[in-house]
Structure formats: C-alpha cells, structure tokens
Amino acid sequence: MTAQLTTEEIFEGLDDEVWLPTGFVGGTAADPAGTLRALASDDDEAVREALTSFWHAMRARVPAYTATVQCVPYLARLCVSGVYTETLLELLHSVADGEDQPRGDQDELVAAVAAQVPVLLPLLADEDVDIRRLVVRIIGLSGPSRTSAEAIRERWADETDQGLRSDLLTACRVADADIAAEISAGELGPGRDPEVRLAAALSLVRADGAWTDELAAAATAWALNGTETEPGERWFDPSTGDWKDTDRDDRSFELLLALLADRGELPVALGLLETVATAEGEGAGLRNRRVLAAAETLCGEFRTAPPSLVPYLAALVGDEDAAVAGRALSQLRRLGDEARPAADAVLRVAAGEVGTRGGEREDEELADTALAVLIGLGDPRAVPLLARDLPCRRESLETAVGSSAWSAGRGVVVPFDAGLLDAARDLLRNPDRRNYGAPRYLCTLLSAWGPQAAPALPELYALLPKERQNAPAAVAAAAAGTDDAEEAAERLRAAADGASVYDRMPIAAALHKLTGDSAPLVEAVRAGLDDILYSKRSAVARASRLGAAGEPLLPRLRELLAPEETDGVGWDRGDCLSAASAILAIEGPGAAEELLPVVSAVLAADSRTGAAAARLARRIGAPAASLAPEFAPLFRKIDTLVPACGALMALPGAIGPDGELDQETLTDALVLAVEQGGQAEEAIALLRELGGGSLTPDVTERLRELADATRRPPRHPYDLHWIRADQRRLAVIRAALDG
C-alpha cells in the first residue's frame, strides 16, 4: 500500500534546506537536493546514478555527513509514494542500523529515521512481504513508540507470513513491551508457529511475566520442530511455495536466556539450553547456532555458567559444520582454564581425527585453532602435535610464543621439547615450507629456551642476515654460558656490518646480553636517536634499559624533550614522555625538576598517554607534588585510574583532607579498579600501601564480596580476553585474601 503524494508534497521544504559544507562529497551526491529530485525523474540513468550516490555517501565510514539526516524525510516520502520503495527502505534500514556509519553520529541518524516511521507505517499493509519486513525491521531499530506498537497490533490479525509475524512481535517488543506482551499471551499454544511462540515467550519475560511450564514449552518448540535454515541464505518456505531472503536465525533464544539469567533464574536458562542442546533429529544446524549464541552470552556474564555449558561446547567442536565447530572452539578459547574439561574433544580436532563438510582446507584451519586452544590450556599433548604439523600451524605457533591476539601478553607458554626443537630447525632450514612470520615466532621460541636451544645455532646464524630484528636475541640466548658464546659474538659483530641503524640496535643489544659490553649498544642507540622516527622511538626505549651506562646519551635525550612542530606524524608529546622516562632511568632523581614540564604538557594535552605520565610522576615522587591537581582527568577513565591513584599516593600532601583526594575516595577508586579494570594486581598493591602494608578489614571484606560474586563485572565491547581477565582478577583477589 502506497500513498499518493505529488512531487510537490514529496519535496516540500527541499528548496529551503541549507546544506552545510560537511555534507556529501563527490559525484552527484555533492548536490543532495538535485540527487533527491533525480530519484523521482523519468530518466532511468539519472535514477541509477542517484541511487548509487546515496548508497555510497549515506553508508560511508567517514566523518559525519550532516546531509544524511536532512535527506531522510524526503527518502521516506519517496518510499511511501512507490518510488523505488524496497531499495530506499533498505537504505533507510542501513542508515538506522549503522552497519557502515561512523560511530560518533549514530544516535542522530537513528533519531532521523525514527522520526519518519509514522510516515512508513502504512507500508505494513503492502502486498510485498519484503517491503513489510523492511518496515518492521526499521521499527525495531527506532526505539520506543506507542504509535508503532499500535500499528503492529492492528496489522497482527491480517499478517499471514509466519516469519514476518515473529519479526513483528520482536519489533513490537522494542516499540512497547506491554503491547507486545498482550499480543504474545495468545500466541503460546501448540497450534502457533514455533518461531512466533519463542518470540512470544521472550516478550512475556521481557514484560516481567512469571516463568511457567507453558512458557518453557513455547520457548523450546522450535528446537523440537526439526526446522533448519542456513544463516543469511535464501530458504524455501513450503507453506507458501516461496523463496525467502530472510534469516530466521535471530537472537530471540539468546535474549530469552539472558533475560532469565538477569532476573536471577540462571538455572532455568541453563535448563532451556540443555533441552535444546540435547534435542535430536533434523534442525541441528539451527539448534547449534542458537546454543552457541546463548552459551557465549551466559559464559561471558556469569562465572557459574561455564561448568554446565562446556560439555555442550565440547560436543560441537567436532560438528560436521565447520562454522559451528569453529565458533565452539573460539568460545572455548575465550574461556581459558574453564575450558579444560573439553580438552579431549579439542585434542581429536587438533590431531586431525575429525572432518567437516568444509573440506581439507577448513579442516586444517580448525585443527590449527584447536591446537592453539590446547596450547593455551598448557596441555602437554599439544607439543608433539605442534612439532608434527609445525609448517602449517601458524595460529598455534603464534599462541605458543604469545604473539596471538588471544595471548594477552602471556609470552612463551611452551616448555622446551627436543622434538619441537628438531621441527623448528627443520623449518628454519627450509624457507619454502614456512608460512609468513614463522622465522620471527621461532626466534622468540628459541630465545625463551635459552641454552637448551644451542643445537639450533647453525640455523640461527644462517638467519641473521635476513632477520636482524629477531634472530640476534635468539643467538645470544642460545649461546649464553656455552662453548659457542665466543663464535656467537663474532657472528653478531659480523651481522652488524652493513646493517641499517634500526637493525644495528637489536644486534648490539644481543651482544650486550652475551658479553656484558655496553659500548656497542650505546653507540647503536646514539645513532638511532638521530635516525628516522621509528628508529628514534626504538632507541629511546633501549636507552631506558641501559641505566647509568647510557649517560653519554643524555644530551641527545634532552633535545628530544620537545615535540616536533609538524602537521603530520612526528615526534609527539608521548615520545617526549618516553625520552623523559629514559633520562630519569639513566640519571636518577637529580633529573626530576627538568622533567616536570614534560609530564605536565602530556597531562594537559594527551589523554592517550596519561597513564604513562602518571607512572613517571610516581617514579619522580616528591618533586612532582605541584602536578597533583593535573591528575583529575585521569580519574574519569578506568584504564588510567590506577596509575593516577599511584601517582597521587607518591606526592606529599596529595592524599588527605587538604589534598586532591581523601583516603576514603581513593580507596573506593582502587576497589572499583579491582572490580572492573585490568590492573587488579597493581590496584591491590596500592590498597596495601594505603593500609600501611596490609589490607584494612573494610577493604578485605569488599574484596571478598568481589571474589564471591557469581556475575562477572560489566563487559567491555570487542574484548577477546574479558573472561580470562576476570579469571586473573579472581586469582589476584583470592591470593590477596589468602596472604
């Protein structure tokens, strides 16, 4: 159903729009008004060009286009007038969904689309189900609206498409939970569509309805129905004889279990998941995907959930669907030590004993991931498998040496193994079998093994000319304290000849470690301090580790206390702070006064390095007392809270009735940091310091409450390590309580 708007009505007010310079750029979208009018023209080429311009401009990941908001009302009127209705609805849905939008202005974009929903509501009765579905999804993105909910209630009796009825109920739950609950009350029975029954159960729980056997049956009927769909792919609906492009694998089951758990009914949620996970027959793909989604949410939120859910994840790592198996492995990886009961199932995948429908390539990728899981668990059975399959186990090798995105800075986690040493040597001798990055990771592994890796020195010597950043440290570590030390030193000196300024520094550092002679390192760092930017940054970091031996470098380091005046990338205030830290490490407290302006400048202008500035101020101590008021902004962010507390505690007069913080406020801040931050050990150490060397009874009790909590602290978005960070936090708290 479309409204009959005239061209004048569609574009009413368009001539009065003021298009700011930060509107669209490039192509016909540089003229938003003209492009809008082109959509309603009879010129097919102009229409195609206009549609393309809008898709590129309105969905671009660039600084906010102010013109997007201004265009939305006209696009909505075009939709209801039958002008490329489906295409423009897809565009409006994309704008509201924010798939490719800059994050900064997404609320404004959603509000612009939501304001036009009343204009779009007549399309709920359109004869094209895809148009109706797009309108429903836009409603679901537009927030609370009694008007939208009433329109859905009016449409409910006439809507015959069962998949869309489920979407309608989902959108209504967003628009008005009470109206959604009223509709849902009549949709729980066995005669209703299973997806609608699930959505109805969710709506009633969302409206604080009591849990009943009827709701339990409605919530799991879909799992016992044998329905199977592939995510994001077309599927055939035999009830209508129609192909559909929708994805019915929505989040209703996951959200239902999360809501139940949130209101204290985690056992009920776990029971529902068990019912679905143990169901048999057709529809396993849909069940597995929903089990994985729900398990991920529950494990991420509740410390008590993994023991019940890991067995189901273990069963899925060997699933014939590679996507299901891969996601199960990823979840086990997130769980860290809590995944240990699944080790036997993961081992079978890592050993290549389990195959999927995906074929050999996907099976190899799964085996690599599974082996990485085992390595992360410290399972000794992983090491022989890594040695056996080393050339094709990139993720496993990265995990073994702590370079994987999942490693969270753990360093090398694989102990010395003669078989793995032989495999590493063989791989170093055969570059055609190596994957990208293998030499770097193997050098890290051999460095960690120290003299036990001495048999690999011939291969490491051969690697020196090509891997000057990584091989020198491995050579020094493997040769240290052995009869090969003298030859290794000569090899390193030879490698330095002809090396770039940047590459000479790690070679000199290796020589320093092997021979104790700091002179070559000082000279290499001196050259680095005068080289290009990335060499300069590396040189400053190495200077900090030289201690008093770095005294000849002080004049140049002092020159680096001032930032470069440049419009591009250059030596910035954070770099100046690194130079100040190096000076303090070399000269000691005598340099404190001259470093204060650098710390102050960073605190005033660069919040990114605020934590480093605070830590430097703590090292400076009493001379930095005048900076105390400048630390206030650091208390607004959890990642800078602990360093700021530490800095103030080192500054005389900063803590107390006349200081920047009183002791009670400081204690509260540090306890909050233990609960939610990633620096629990440092925060607890500061709490001990604040308590005169031990935790006060009040702090002890508060830490015990944190340790006994069944729910994890609030999750940070996109954090792979959230669960394992919580595990480390708990271990630190319990160690503090036991100590």
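Which charged end sits over the ring of Trp156? It is that of Arg165, 4.1 Å from the ring centre. The criterion is NZ of Lys or CZ of Arg within 6 Å of the ring centre and within 35 degrees of the ring normal. Arg729 does likewise over the ring of Trp722, at 5.3 Å from its centre.

This is a predicted model, in which local features need pLDDT of at least 70, side-chain atom pairs count only at pLDDT 80 or more, and totals for chains, interfaces and linings use all residues. Residues are numbered from 1 along each chain as its sequence is written, and side-chain values use heavy atoms, with hydrogens and water left out.

**Exercise 1. Place Thr515 and list its partners.**

Step 1. Thr515 belongs to helix α28, residues 501-515. Helices are DSSP runs of H or I, at least four residues, and strands are runs of E, at least two, numbered from the N terminus.

Step 2. Its relative accessible area is 39%, so Thr515 is partly exposed. The scale: buried is under 20%, exposed over 50%, partly exposed in between (1.4 Å probe, protein chains only).

Step 3. Leaving aside neighbours within four places in sequence, Thr515 is in contact with Ala489 and Arg493. Contact means heavy atoms within 4.5 Å.

Step 4. A polar atom of the Thr515 side chain lies 2.7 Å from the backbone oxygen of Leu511. The backbone nitrogen of Asp517 lies 3.2 Å from a polar atom of that side chain.

**Exercise 2. Classify the pair Trp222 and Phe253.**

Step 1. Apply the rule: rings of Phe, Tyr and Trp (its six-membered ring) pair if their centres lie within 6.5 Å; planes under 30 degrees apart are stacked, over 60 edge-to-face, the rest tilted. The count is three aromatic pairs.

Step 2. The centres of Trp222 and Phe253 are 5.3 Å apart and the planes stand at 70°, so this pair is edge-to-face.

Step 3. Locate the two. Trp222 is in the loop between α13 (213-220) and β1 (235-237), and Phe253 is in helix α14 (residues 252-262), 31 residues apart.

Step 4. Check burial. Trp222 is buried at 2% relative accessible area. Phe253 is buried at 0%.

**Exercise 3. Find the buried residues of α34 and their cover.**

Step 1. Helix α34 spans residues 610-620. Gly610, Ala611, Ala613, Ala614, Leu616, Ala617 and Ile620 are buried there.

Step 2. Their cover includes α32 (573-587), α33 (592-605) and α35 (638-650).

Step 3. Look just past the helix: Gly621 takes a positive phi of about 80°.

Methods
Polar contact = N/O pair within 3.5 Å; in protein donor to acceptor, adjacent residues only side chain to side chain.
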